[in-house]
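Here is a short tour of one protein model. Keep the sequence and the 3D view side by side while you read.

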Amino acid sequence: MIISLFPLALIIYESLIQRKSLLKGHDPSLQYLILSLFMAVFFLSVGVSIAGGENYDFLNWHRDGMLYGFLLFITAGTSYHIVPFLLWWRAYAPMMGNRKLPTLKELLSPNFFKVILFMGFPSLTLGVITELFNTGLSSTFYTIFLIASLYYTLGITPLFFQSLKVQPCRY
């Protein structure tokens with residue numbers, strides 16, 4: 001499973017190598033995909049090392065990294081396109097050609113996702129690392145991560161409910 005992630009990472013890296021920064025100027029969903037891919041490789045490697053060495057001291061790293069890291073960030077990046085697109089398709093697609101319509105980026109600003117990327121990722125990383133030797137400090141970092149996750153969830157939820165209220169387009 002880990003080996004299958006390397007060709008994907010290589011393809012993404014090769015396609016982005018032209019730029020000075022891999023993440024600069026790219027869509028948030030691509031930023032989250034790259035981050036999630038590296039998290040998956042790292043935390044799956046931790047899991048394989050744990051299983052192979054039968055030393056379960058780092059089991060929390062594997063579990064928390066995959067569950068709260070990889071899965072959350074891949075879901076957040078994917079929802080950047082899916083949730084606004086659902087609203088746009090249901091509410092605005094029938095009006096195409098009749099008036100100026102908002103873009104997906106106008107429905108959900110890319111800056112919204114920077115909070116969880118720049119606040120959530122470091123706090124999750126520090127929470128996982130400090131969990132082994134200082135649970136109080138680790139809890140503080142996990143609380144910051146929870147706040148960033150709640151900010152994301154509460155920020156994207158109104159778009160979801162707004163898309164449910166709109167009557168679907170009938171062709």
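Ile147 is partly exposed, with a relative accessible area of 47%. That value falls short of the exposed class because exposed means over 50%. The residue sits in helix α6. Bear in mind that this is a predicted model. Ile147 lies 28 residues from Met119 in sequence. In space, the two are 9.1 Å apart, C-alpha to C-alpha.

Another isoleucine, Ile129, belongs to helix α5. Ile129 is partly exposed too, at a relative accessible area of 38%. It is one member of a nonpolar patch on the surface. Its partners there are Phe58, Leu132 and Phe133. Together the four residues offer about 390 Å² of accessible area.

Now to the interior. In soluble globular proteins, nonpolar side chains tend to be buried together. Here, the largest nonpolar core has 34 residues. Which residues have the most contacts inside it? They are Tyr32, Phe73, Leu108, Phe113, Tyr152 and Ile156. Four helices give two or more residues each to this core: α2 (28-53), α3 (59-91), α5 (110-130) and α6 (135-165). Helix α3 gives the most, with ten residues.

Take Ile156 as a case. Leaving aside residues up to four places away in sequence, Ile156 touches Ser79, Val83, Leu108, Phe112 and Phe113. Two of these partners, Leu108 and Phe113, are also on the list of residues with the most contacts inside the core.

Charged contacts come next. How many salt bridges does the structure hold? The count is one. It joins Asp64 to Arg63, and the closest N and O atoms are 3.0 Å apart. The two ends sit in different surroundings: Asp64 counts as buried, at 4% relative accessibility, whereas Arg63 counts as partly exposed, at 42%. Asp64 earns the buried label because the cut-off is under 20%.

The accessibility values given so far can be set side by side.

| Residue | Relative accessible area | Class |
|---|---|---|
| Ile147 | 47% | partly exposed |
| Arg63 | 42% | partly exposed |
| Ile129 | 38% | partly exposed |
| Asp64 | 4% | buried |

Last, look at helix α2. It has 26 residues. From its first C-alpha to its last, α2 reaches 37 Å. That is close to the 38 Å expected at 1.5 Å a residue. Just after α2 comes Glu54, which takes a positive phi of about 55°.

Methods:
Residues are numbered from 1 along each chain as its sequence is written. This is a predicted model: local features need pLDDT of at least 70, side-chain atom pairs count only at pLDDT 80 or more; totals for chains, interfaces and linings use all residues. Side-chain values use heavy atoms; hydrogens and water are left out. A nonpolar core is a set of buried Ala, Val, Leu, Ile, Met, Phe, Trp, Tyr and Cys residues joined through side-chain atoms within 4.5 Å. Buried means under 20% relative accessible area, exposed over 50%, partly exposed in between (1.4 Å probe, protein chains only). Contact means heavy atoms within 4.5 Å. Patches are made of residues with over 30% relative accessible area and no salt bridge: like charges are joined within 9 Å, nonpolar side chains (Val, Leu, Ile, Met, Phe, Trp, Tyr) within 5 Å. Accessible areas come from the Shrake-Rupley method with a 1.4 Å probe; for residues, only the protein chains shown count as cover. A salt bridge is a side-chain nitrogen of Lys or Arg within 4 Å of a carboxyl oxygen of Asp or Glu. The expected span of a helix is 1.5 Å times one less than its number of residues.
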